[in-house]
Amino acid sequence: MGETPYFVELDEALEICRSTTIQTVVERVDLDNCHNRILAVDLPSLVDDPPFDNSAMDGFAMRYEDTLEPPSTLEVIGTIQAAGQEDDLVVSPGQAVRIMTGAPIPKGANSILQVELTSSEGNTVTLSQASMKHFIRKKGENLTKGQVALKSGTHLTPSRVGLCATMGHSSIPVVQKLKVGIISTGDELKQPGEELARGEIYESNSFGLFGLVNWLGHDATRLHCVGDTIDDLREVLNQASTNFDLILTSGGVSMGDWDLVRKIMEEEGDLHFWRVKLRPGSPPLFGLWNNTPIFGLPGNPVSSHVVFRMLVAPWIRHTTQASGPIEPRVYAKLATSVKPTKDCLTLRRVSLVNENGELTAHQNIHQGSGNLASVAMSEGMVVLQPGCEYSIGDTVEVMIL
Ligand code: AMP
Ligand code: MG
(Lines give C-alpha, C1' and ligand atoms only; values in the text may rest on other atoms or scores of the structure.)
(Ligands and ions follow the chains in the order given, each with its own letter.)
Protein backbone atom coordinates (compact mmCIF):
# COMPACT_ATOMS: atom_id res chain seq x y z
CA MET A 1 0.00 0.00 0.00
CA GLY A 2 2.98 2.36 0.16
CA GLU A 3 2.10 5.66 1.84
CA THR A 4 -1.67 5.41 1.46
CA PRO A 5 -3.42 5.43 4.87
CA TYR A 6 -4.91 1.98 5.39
CA PHE A 7 -7.75 0.75 7.65
CA VAL A 8 -8.27 4.16 9.25
CA GLU A 9 -10.71 5.25 11.96
CA LEU A 10 -13.92 6.80 10.62
CA ASP A 11 -12.90 10.23 11.96
CA GLU A 12 -9.54 10.00 10.25
CA ALA A 13 -11.23 8.99 7.00
CA LEU A 14 -13.52 12.02 7.28
CA GLU A 15 -10.55 14.27 7.99
CA ILE A 16 -8.74 12.98 4.90
CA CYS A 17 -11.85 13.48 2.74
CA ARG A 18 -12.27 17.03 4.05
CA SER A 19 -8.91 18.08 2.66
CA THR A 20 -10.43 17.59 -0.80
CA THR A 21 -13.22 20.00 -1.72
CA ILE A 22 -15.34 20.78 -4.74
CA GLN A 23 -15.69 24.43 -5.74
CA THR A 24 -19.40 25.11 -5.42
CA VAL A 25 -21.37 27.60 -7.51
CA VAL A 26 -24.29 29.72 -6.30
CA GLU A 27 -27.38 30.13 -8.46
CA ARG A 28 -30.65 32.00 -7.93
CA VAL A 29 -33.78 29.88 -8.27
CA ASP A 30 -37.46 30.69 -7.82
CA LEU A 31 -39.29 29.28 -4.83
CA ASP A 32 -40.97 26.49 -6.80
CA ASN A 33 -37.57 25.05 -7.58
CA CYS A 34 -35.77 25.44 -4.29
CA HIS A 35 -37.27 22.50 -2.40
CA ASN A 36 -34.57 20.21 -1.00
CA ARG A 37 -31.82 22.64 -2.01
CA ILE A 38 -29.11 24.25 0.13
CA LEU A 39 -29.51 27.96 0.90
CA ALA A 40 -26.33 29.84 -0.06
CA VAL A 41 -26.78 33.08 1.96
CA ASP A 42 -28.06 34.26 5.34
CA LEU A 43 -31.63 35.19 4.40
CA PRO A 44 -33.15 38.28 6.08
CA SER A 45 -36.87 38.91 6.22
CA LEU A 46 -38.01 41.71 3.89
CA VAL A 47 -41.04 42.40 6.12
CA ASP A 48 -42.33 42.17 9.66
CA ASP A 49 -44.26 38.95 10.23
CA PRO A 50 -47.10 39.55 10.74
CA PRO A 51 -46.94 42.90 8.95
CA PHE A 52 -49.77 44.35 11.14
CA ASP A 53 -51.66 43.52 14.35
CA ASN A 54 -54.41 41.04 13.43
CA SER A 55 -57.02 38.75 14.89
CA ALA A 56 -56.21 35.12 15.71
CA MET A 57 -59.93 34.23 15.75
CA ASP A 58 -63.16 34.70 13.86
CA GLY A 59 -65.21 36.81 16.30
CA PHE A 60 -65.42 40.37 17.55
CA ALA A 61 -62.86 43.07 18.41
CA MET A 62 -63.55 45.45 21.26
CA ARG A 63 -62.10 47.32 24.28
CA TYR A 64 -61.14 44.79 26.96
CA GLU A 65 -62.35 47.23 29.63
CA ASP A 66 -65.92 46.98 28.27
CA THR A 67 -66.12 43.22 28.82
CA LEU A 68 -65.13 42.76 32.45
CA GLU A 69 -68.67 42.20 33.79
CA PRO A 70 -70.18 39.51 31.56
CA PRO A 71 -72.57 39.13 30.00
CA SER A 72 -71.92 42.46 28.24
CA THR A 73 -73.84 43.73 25.24
CA LEU A 74 -72.02 45.94 22.72
CA GLU A 75 -73.06 47.83 19.59
CA VAL A 76 -71.64 46.28 16.35
CA ILE A 77 -70.41 49.12 14.12
CA GLY A 78 -69.05 47.15 11.16
CA THR A 79 -67.16 44.15 9.80
CA ILE A 80 -63.48 43.75 8.91
CA GLN A 81 -62.81 40.87 6.58
CA ALA A 82 -59.42 41.51 5.05
CA ALA A 83 -56.53 43.93 4.82
CA GLY A 84 -57.36 47.41 3.63
CA GLN A 85 -61.11 47.21 4.20
CA GLU A 86 -62.95 49.46 6.64
CA ASP A 87 -59.70 51.16 7.57
CA ASP A 88 -61.56 54.09 9.07
CA LEU A 89 -63.45 52.05 11.70
CA VAL A 90 -62.75 53.24 15.25
CA VAL A 91 -64.04 51.22 18.21
CA SER A 92 -65.36 53.54 20.95
CA PRO A 93 -66.55 52.58 24.46
CA GLY A 94 -69.53 50.19 24.25
CA GLN A 95 -68.78 49.20 20.65
CA ALA A 96 -67.46 46.11 18.81
CA VAL A 97 -66.45 45.18 15.26
CA ARG A 98 -67.09 41.80 13.64
CA ILE A 99 -63.66 40.47 12.54
CA MET A 100 -62.26 37.53 10.58
CA THR A 101 -59.11 35.56 11.35
CA GLY A 102 -56.07 37.44 10.03
CA ALA A 103 -57.89 40.75 9.54
CA PRO A 104 -56.28 43.95 10.92
CA ILE A 105 -57.37 45.12 14.37
CA PRO A 106 -59.44 48.32 14.17
CA LYS A 107 -58.31 51.44 16.01
CA GLY A 108 -59.55 51.58 19.59
CA ALA A 109 -59.85 47.78 20.03
CA ASN A 110 -57.38 45.88 22.20
CA SER A 111 -58.96 42.42 22.50
CA ILE A 112 -60.92 39.71 20.72
CA LEU A 113 -63.65 37.27 21.68
CA GLN A 114 -64.23 34.28 19.41
CA VAL A 115 -67.65 33.97 17.78
CA GLU A 116 -68.53 30.77 19.70
CA LEU A 117 -68.66 32.75 22.96
CA THR A 118 -71.00 35.42 21.60
CA SER A 119 -74.61 35.78 20.45
CA SER A 120 -75.71 38.41 17.93
CA GLU A 121 -79.04 40.14 17.63
CA GLY A 122 -79.66 42.99 15.18
CA ASN A 123 -76.71 45.36 15.50
CA THR A 124 -75.70 44.14 18.98
CA VAL A 125 -73.53 41.35 20.26
CA THR A 126 -73.63 39.81 23.74
CA LEU A 127 -70.40 38.36 25.13
CA SER A 128 -70.63 35.43 27.54
CA GLN A 129 -67.25 36.18 29.10
CA ALA A 130 -64.44 38.76 29.15
CA SER A 131 -62.55 39.22 25.88
CA MET A 132 -58.94 38.17 25.33
CA LYS A 133 -55.93 40.34 24.59
CA HIS A 134 -53.76 37.40 23.54
CA PHE A 135 -55.99 36.71 20.54
CA ILE A 136 -54.35 39.71 18.89
CA ARG A 137 -51.32 38.59 16.86
CA LYS A 138 -48.87 41.47 17.18
CA LYS A 139 -47.00 43.04 14.28
CA GLY A 140 -43.51 41.46 14.04
CA GLU A 141 -44.13 38.91 16.79
CA ASN A 142 -42.81 36.08 14.58
CA LEU A 143 -40.07 37.91 12.68
CA THR A 144 -38.95 41.49 12.40
CA LYS A 145 -37.85 43.08 9.15
CA GLY A 146 -34.14 42.39 8.56
CA GLN A 147 -34.03 39.42 10.93
CA VAL A 148 -32.10 36.44 9.52
CA ALA A 149 -34.47 33.51 9.92
CA LEU A 150 -32.61 31.03 7.71
CA LYS A 151 -28.83 30.72 7.77
CA SER A 152 -26.55 29.97 4.86
CA GLY A 153 -26.21 26.21 4.49
CA THR A 154 -29.79 25.48 5.56
CA HIS A 155 -31.43 22.52 3.86
CA LEU A 156 -34.69 23.82 2.38
CA THR A 157 -37.52 21.67 3.74
CA PRO A 158 -41.14 22.51 2.81
CA SER A 159 -41.71 24.68 5.89
CA ARG A 160 -38.48 26.61 5.19
CA VAL A 161 -39.50 27.24 1.58
CA GLY A 162 -42.82 28.52 2.96
CA LEU A 163 -40.91 30.76 5.34
CA CYS A 164 -38.93 32.24 2.39
CA ALA A 165 -42.28 33.26 0.90
CA THR A 166 -43.50 34.65 4.25
CA MET A 167 -40.36 36.79 4.33
CA GLY A 168 -41.14 38.17 0.87
CA HIS A 169 -38.55 36.37 -1.28
CA SER A 170 -39.69 35.18 -4.70
CA SER A 171 -36.33 33.65 -5.54
CA ILE A 172 -33.27 32.80 -3.46
CA PRO A 173 -29.58 31.97 -3.92
CA VAL A 174 -28.88 28.25 -3.49
CA VAL A 175 -25.88 25.98 -3.98
CA GLN A 176 -25.82 24.60 -7.51
CA LYS A 177 -26.48 20.86 -7.40
CA LEU A 178 -23.40 18.69 -7.55
CA LYS A 179 -23.43 16.28 -10.48
CA VAL A 180 -22.78 12.81 -9.12
CA GLY A 181 -22.09 9.85 -11.39
CA ILE A 182 -22.85 6.39 -9.99
CA ILE A 183 -21.06 3.37 -11.40
CA SER A 184 -21.82 -0.20 -10.35
CA THR A 185 -19.19 -2.82 -11.05
CA GLY A 186 -19.53 -6.58 -11.26
CA ASP A 187 -19.92 -9.25 -13.95
CA GLU A 188 -22.75 -10.81 -11.96
CA LEU A 189 -25.05 -7.76 -12.01
CA LYS A 190 -28.27 -7.66 -14.03
CA GLN A 191 -30.84 -4.89 -14.26
CA PRO A 192 -34.13 -5.58 -12.49
CA GLY A 193 -36.69 -6.70 -15.07
CA GLU A 194 -34.20 -8.91 -16.90
CA GLU A 195 -33.96 -12.71 -16.52
CA LEU A 196 -31.32 -13.90 -14.09
CA ALA A 197 -28.95 -16.61 -15.26
CA ARG A 198 -27.23 -18.84 -12.72
CA GLY A 199 -24.78 -16.82 -10.63
CA GLU A 200 -26.37 -13.47 -11.43
CA ILE A 201 -28.12 -11.05 -9.07
CA TYR A 202 -30.06 -7.84 -9.52
CA GLU A 203 -28.06 -4.65 -9.33
CA SER A 204 -29.49 -2.58 -6.46
CA ASN A 205 -26.75 -0.30 -5.14
CA SER A 206 -27.06 2.35 -7.84
CA PHE A 207 -30.78 2.78 -7.11
CA GLY A 208 -30.22 3.30 -3.39
CA LEU A 209 -27.26 5.61 -3.95
CA PHE A 210 -29.28 7.62 -6.48
CA GLY A 211 -31.90 8.21 -3.79
CA LEU A 212 -29.33 9.12 -1.18
CA VAL A 213 -27.72 11.71 -3.50
CA ASN A 214 -31.14 13.21 -4.25
CA TRP A 215 -31.98 13.22 -0.54
CA LEU A 216 -28.94 15.50 -0.02
CA GLY A 217 -30.27 17.83 -2.74
CA HIS A 218 -27.90 16.90 -5.55
CA ASP A 219 -28.16 15.53 -9.03
CA ALA A 220 -27.45 11.81 -9.45
CA THR A 221 -26.95 9.90 -12.69
CA ARG A 222 -26.84 6.12 -12.78
CA LEU A 223 -24.22 5.17 -15.35
CA HIS A 224 -24.33 1.73 -16.89
CA CYS A 225 -22.81 -1.14 -14.91
CA VAL A 226 -19.30 -2.15 -15.84
CA GLY A 227 -18.06 -5.72 -15.83
CA ASP A 228 -14.91 -6.74 -14.07
CA THR A 229 -12.34 -5.63 -16.65
CA ILE A 230 -9.76 -2.94 -16.08
CA ASP A 231 -10.15 -1.45 -19.56
CA ASP A 232 -13.92 -0.98 -19.27
CA LEU A 233 -13.53 0.46 -15.82
CA ARG A 234 -10.82 2.90 -16.95
CA GLU A 235 -13.01 4.07 -19.80
CA VAL A 236 -16.09 4.70 -17.68
CA LEU A 237 -14.02 6.44 -15.00
CA ASN A 238 -12.45 8.68 -17.63
CA GLN A 239 -15.86 9.62 -18.98
CA ALA A 240 -17.31 10.16 -15.54
CA SER A 241 -14.43 12.38 -14.46
CA THR A 242 -15.13 14.77 -17.33
CA ASN A 243 -18.92 14.83 -16.84
CA PHE A 244 -19.37 14.80 -13.07
CA ASP A 245 -18.25 16.64 -9.93
CA LEU A 246 -18.11 13.42 -7.92
CA ILE A 247 -17.91 9.73 -8.78
CA LEU A 248 -19.39 6.95 -6.65
CA THR A 249 -18.54 3.38 -7.54
CA SER A 250 -19.81 0.25 -5.88
CA GLY A 251 -18.13 -3.14 -5.70
CA GLY A 252 -14.57 -4.18 -6.35
CA VAL A 253 -12.85 -2.56 -3.38
CA SER A 254 -11.98 -5.62 -1.26
CA MET A 255 -8.77 -7.60 -1.19
CA GLY A 256 -9.51 -10.10 -4.01
CA ASP A 257 -7.99 -10.32 -7.47
CA TRP A 258 -11.31 -9.20 -8.97
CA ASP A 259 -11.46 -6.06 -6.88
CA LEU A 260 -10.58 -3.85 -9.77
CA VAL A 261 -11.70 -0.46 -8.45
CA ARG A 262 -9.17 -0.78 -5.66
CA LYS A 263 -6.55 -2.06 -8.10
CA ILE A 264 -7.01 0.68 -10.70
CA MET A 265 -7.01 3.38 -7.99
CA GLU A 266 -3.78 1.97 -6.56
CA GLU A 267 -2.08 1.72 -9.91
CA GLU A 268 -3.45 4.63 -11.90
CA GLY A 269 -5.46 6.90 -9.57
CA ASP A 270 -4.65 9.13 -6.63
CA LEU A 271 -5.69 7.05 -3.61
CA HIS A 272 -6.14 8.98 -0.32
CA PHE A 273 -7.15 6.05 1.87
CA TRP A 274 -8.38 2.51 1.62
CA ARG A 275 -10.44 0.64 4.25
CA VAL A 276 -12.14 2.16 7.27
CA LYS A 277 -12.79 0.76 10.76
CA LEU A 278 -16.51 0.53 10.15
CA ARG A 279 -18.84 -2.51 10.16
CA PRO A 280 -20.59 -3.09 7.89
CA GLY A 281 -18.65 -1.18 5.29
CA SER A 282 -14.96 -1.65 6.00
CA PRO A 283 -13.53 -1.74 2.45
CA PRO A 284 -14.23 1.78 1.05
CA LEU A 285 -11.66 3.96 -0.61
CA PHE A 286 -11.44 7.66 -1.40
CA GLY A 287 -9.23 9.52 -3.82
CA LEU A 288 -9.10 11.38 -7.10
CA TRP A 289 -9.49 10.08 -10.63
CA ASN A 290 -8.24 12.72 -13.09
CA ASN A 291 -8.70 15.24 -10.27
CA THR A 292 -12.35 14.28 -9.71
CA PRO A 293 -13.15 13.03 -6.18
CA ILE A 294 -14.17 9.38 -6.12
CA PHE A 295 -15.59 7.19 -3.36
CA GLY A 296 -15.18 3.48 -3.98
CA LEU A 297 -18.05 1.98 -2.00
CA PRO A 298 -18.31 -1.69 -1.09
CA GLY A 299 -20.48 -3.97 -3.24
CA ASN A 300 -22.52 -5.40 -0.41
CA PRO A 301 -25.75 -3.38 -0.42
CA VAL A 302 -25.90 -2.72 3.32
CA SER A 303 -22.26 -1.67 3.29
CA SER A 304 -22.68 0.76 0.40
CA HIS A 305 -25.67 2.34 2.15
CA VAL A 306 -23.85 2.61 5.48
CA VAL A 307 -20.70 4.05 3.93
CA PHE A 308 -22.75 6.67 2.12
CA ARG A 309 -24.45 7.72 5.36
CA MET A 310 -21.27 7.70 7.45
CA LEU A 311 -18.70 9.03 5.00
CA VAL A 312 -20.10 10.35 1.72
CA ALA A 313 -23.01 12.35 3.17
CA PRO A 314 -20.86 14.16 5.79
CA TRP A 315 -18.29 14.99 3.12
CA ILE A 316 -20.91 16.30 0.66
CA ARG A 317 -22.37 18.46 3.43
CA HIS A 318 -18.87 19.68 4.25
CA THR A 319 -17.89 20.57 0.70
CA THR A 320 -21.20 22.37 0.05
CA GLN A 321 -21.16 23.95 3.55
CA ALA A 322 -24.61 22.48 4.19
CA SER A 323 -25.96 21.94 7.69
CA GLY A 324 -28.49 19.34 6.52
CA PRO A 325 -30.15 17.06 5.88
CA ILE A 326 -28.55 15.03 8.63
CA GLU A 327 -28.91 11.55 10.03
CA PRO A 328 -30.85 12.28 13.24
CA ARG A 329 -29.74 10.35 16.33
CA VAL A 330 -31.79 9.31 19.34
CA TYR A 331 -31.12 7.29 22.47
CA ALA A 332 -32.89 3.98 23.08
CA LYS A 333 -32.71 1.13 25.55
CA LEU A 334 -31.40 -2.18 24.21
CA ALA A 335 -34.17 -4.79 24.26
CA THR A 336 -32.12 -7.54 22.61
CA SER A 337 -28.43 -8.32 22.70
CA VAL A 338 -26.23 -6.76 20.00
CA LYS A 339 -22.70 -7.64 19.00
CA PRO A 340 -20.00 -4.97 18.82
CA THR A 341 -16.66 -5.71 17.14
CA LYS A 342 -13.19 -5.34 18.59
CA ASP A 343 -11.76 -2.63 16.37
CA CYS A 344 -14.58 -1.23 14.22
CA LEU A 345 -17.43 1.19 14.82
CA THR A 346 -20.32 -1.23 14.36
CA LEU A 347 -23.85 -0.47 13.21
CA ARG A 348 -26.63 -2.98 13.89
CA ARG A 349 -30.01 -2.51 12.28
CA VAL A 350 -32.88 -2.33 14.78
CA SER A 351 -36.55 -1.61 15.01
CA LEU A 352 -37.54 1.06 17.51
CA VAL A 353 -40.54 0.52 19.74
CA ASN A 354 -42.12 2.79 22.30
CA GLU A 355 -42.62 0.69 25.43
CA ASN A 356 -44.36 2.48 28.30
CA GLY A 357 -43.02 5.81 27.16
CA GLU A 358 -39.49 4.51 26.67
CA LEU A 359 -37.83 4.01 23.29
CA THR A 360 -36.44 0.49 22.96
CA ALA A 361 -34.18 -0.98 20.24
CA HIS A 362 -34.78 -4.52 18.99
CA GLN A 363 -32.37 -6.35 16.73
CA ASN A 364 -34.70 -8.86 15.12
CA ILE A 365 -33.49 -9.18 11.54
CA HIS A 366 -30.55 -11.04 9.98
CA GLN A 367 -27.59 -8.65 10.01
CA GLY A 368 -25.72 -9.87 6.91
CA SER A 369 -24.12 -7.07 4.90
CA GLY A 370 -25.82 -8.52 1.82
CA ASN A 371 -29.27 -8.27 3.44
CA LEU A 372 -30.64 -4.94 2.25
CA ALA A 373 -33.96 -5.77 3.93
CA SER A 374 -32.16 -5.24 7.25
CA VAL A 375 -31.85 -1.56 6.34
CA ALA A 376 -35.14 -1.21 4.49
CA MET A 377 -37.20 -2.85 7.24
CA SER A 378 -35.53 -1.21 10.23
CA GLU A 379 -36.03 2.18 11.83
CA GLY A 380 -32.49 2.75 12.98
CA MET A 381 -28.92 1.61 13.35
CA VAL A 382 -27.43 1.19 16.82
CA VAL A 383 -23.99 2.79 16.99
CA LEU A 384 -21.62 0.48 18.89
CA GLN A 385 -18.14 1.71 19.83
CA PRO A 386 -15.25 -0.68 19.15
CA GLY A 387 -14.21 -2.92 22.01
CA CYS A 388 -17.10 -1.91 24.31
CA GLU A 389 -19.51 -4.28 26.05
CA TYR A 390 -23.26 -3.82 25.62
CA SER A 391 -25.98 -5.51 27.67
CA ILE A 392 -29.76 -5.62 27.46
CA GLY A 393 -31.10 -2.52 29.24
CA ASP A 394 -28.15 -0.30 28.28
CA THR A 395 -28.93 3.06 26.70
CA VAL A 396 -27.42 3.27 23.22
CA GLU A 397 -27.18 5.83 20.45
CA VAL A 398 -29.30 5.08 17.39
CA MET A 399 -28.99 6.66 13.95
CA ILE A 400 -32.43 7.03 12.41
CA LEU A 401 -32.66 5.46 8.96
P1 AMP B 1 -17.69 -6.99 -4.40
O2 AMP B 1 -17.23 -5.98 -3.41
O3 AMP B 1 -17.65 -6.50 -5.80
O4 AMP B 1 -16.97 -8.30 -4.22
O5 AMP B 1 -19.19 -7.28 -4.05
C6 AMP B 1 -19.57 -7.78 -2.80
C7 AMP B 1 -20.95 -8.37 -2.86
O8 AMP B 1 -21.87 -7.38 -3.22
C9 AMP B 1 -21.12 -9.45 -3.91
O10 AMP B 1 -21.96 -10.45 -3.39
C11 AMP B 1 -21.75 -8.74 -5.06
O12 AMP B 1 -22.50 -9.60 -5.87
C13 AMP B 1 -22.64 -7.73 -4.36
N14 AMP B 1 -22.82 -6.52 -5.18
C15 AMP B 1 -21.84 -5.84 -5.79
N16 AMP B 1 -22.34 -4.79 -6.45
C17 AMP B 1 -23.67 -4.82 -6.27
C18 AMP B 1 -24.73 -4.00 -6.70
N19 AMP B 1 -24.51 -2.93 -7.46
N20 AMP B 1 -25.98 -4.30 -6.31
C21 AMP B 1 -26.20 -5.38 -5.53
N22 AMP B 1 -25.24 -6.19 -5.08
C23 AMP B 1 -23.98 -5.93 -5.44
MG1 MG C 1 -17.58 -7.34 -7.59
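This passage describes two sheets, a ligand site and several unusual backbone conformations in a predicted model.

The sheet considered at the outset is open and is built from 6 strands. Their order is E8-E5-E7-E6-E10-E9, and the pairing between them is mixed. Strand E8, residues 111–114, and strand E9, residues 118–121, stand at the edges of this sheet. Each of these two strands has a single partner strand, so one side of each is left without a neighbour in the sheet. From one strand to the next, the twist averages 35°. In general, the strands of a sheet pair through backbone hydrogen bonds, in either a parallel or an antiparallel arrangement.

At the E8 edge, the partner is strand E5, which spans residues 59–62. E5 and E8 run antiparallel and are joined by 4 bridges. Within this pair, Ala61 stands opposite Ile112 of E8. At the other edge named above, E9 pairs with strand E10, residues 124–127. This pairing is antiparallel and extends over 4 bridges. Ser120 stands opposite Val125, a residue of E10. E9 and E10 form a hairpin, with 2 residues between the strands. Gly122 lies in the turn of the hairpin and has a positive phi of about 55°.

A further open sheet contains 7 strands in the order E1-E19-E21-E22-E18-E14-E17, again with mixed pairing. Its edge strands are E1 and E17, the latter covering residues 219–222, and each pairs on one side only. The twist in this sheet averages 30° from one strand to the next. Inside the order, E19 is followed by E21. Strand E21 comprises residues 285–289, and its pairing with E19 is antiparallel, over 4 bridges. Trp274 stands opposite Leu285 in E21.

Both strands E1 and E19 also hold a residue with an unusual backbone angle. Most residues other than glycine have a negative phi, and most peptide bonds are trans. Phe7 departs from this pattern, with a positive phi near 50°. Phe7 is placed in strand E1, which consists of residues 6–8. Arg275, likewise not a glycine, has a positive phi of about 75°. Arg275 lies in strand E19, residues 270–276.

Cis peptide bonds were also found. One joins Pro70 and Pro71, with omega at about -5°. Pro71 is located in the loop that leads between E5 and strand E6, the latter being residues 72–80. E5 and E6 both belong to the sheet of 6 strands. Another cis peptide bond joins Gly324 and Pro325, where omega is also about -5°. Pro325 is in the loop between helix H6, residues 301–319, and strand E23, residues 329–334.

The remaining results concern ligand 1. The space taken by this ligand is the largest pocket. The ligand is surrounded by 16 residues, of which Glu188, Glu203, Ser204, Gly252 and Gly299 are the closest. Polar atoms of several of these residues approach the ligand. A polar side-chain atom of Glu203 is 2.9 Å from a nitrogen atom of ligand 1. Ser204 contributes a backbone N or O atom, which lies 2.9 Å from a nitrogen atom of the ligand. For Gly252, a backbone N or O atom lies 2.9 Å from an oxygen atom of ligand 1. On its own, ligand 1 has 480 Å² of accessible area, and the protein covers 76% of this.

Notes
Residues are numbered from 1 along each chain as its sequence is written. Chains are lettered from A and ligands numbered from 1 in the order in which they are written. This is a predicted model: local features need pLDDT of at least 70, side-chain atom pairs count only at pLDDT 80 or more; totals for chains, interfaces and linings use all residues. Side-chain values use heavy atoms; hydrogens and water are left out. Two strands pair if DSSP finds at least two bridges between them. Axes are lines fitted to C-alpha atoms, for helices over the stretch in contact, and angles run from 0 to 180 degrees between N-to-C directions. A residue is near a molecule or strand if one of its heavy atoms lies within 4 Å of it. A polar contact is a pair of N or O atoms within 3.5 Å; within protein, one must be able to donate a hydrogen and the other to accept it, and residues adjacent in sequence count only if both atoms are side-chain atoms. Accessible areas come from the Shrake-Rupley method with a 1.4 Å probe; for residues, only the protein chains shown count as cover. On a 1 Å grid over the protein atoms alone, a cavity is a set of points where a 1.4 Å probe fits but cannot get out, and a pocket is an open set with protein on both sides within 12 Å along at least five of seven lines; lining residues have an atom within 4 Å of a point. A molecule sits in a cavity or pocket if more than half of its atoms lie within 2 Å of its grid points.
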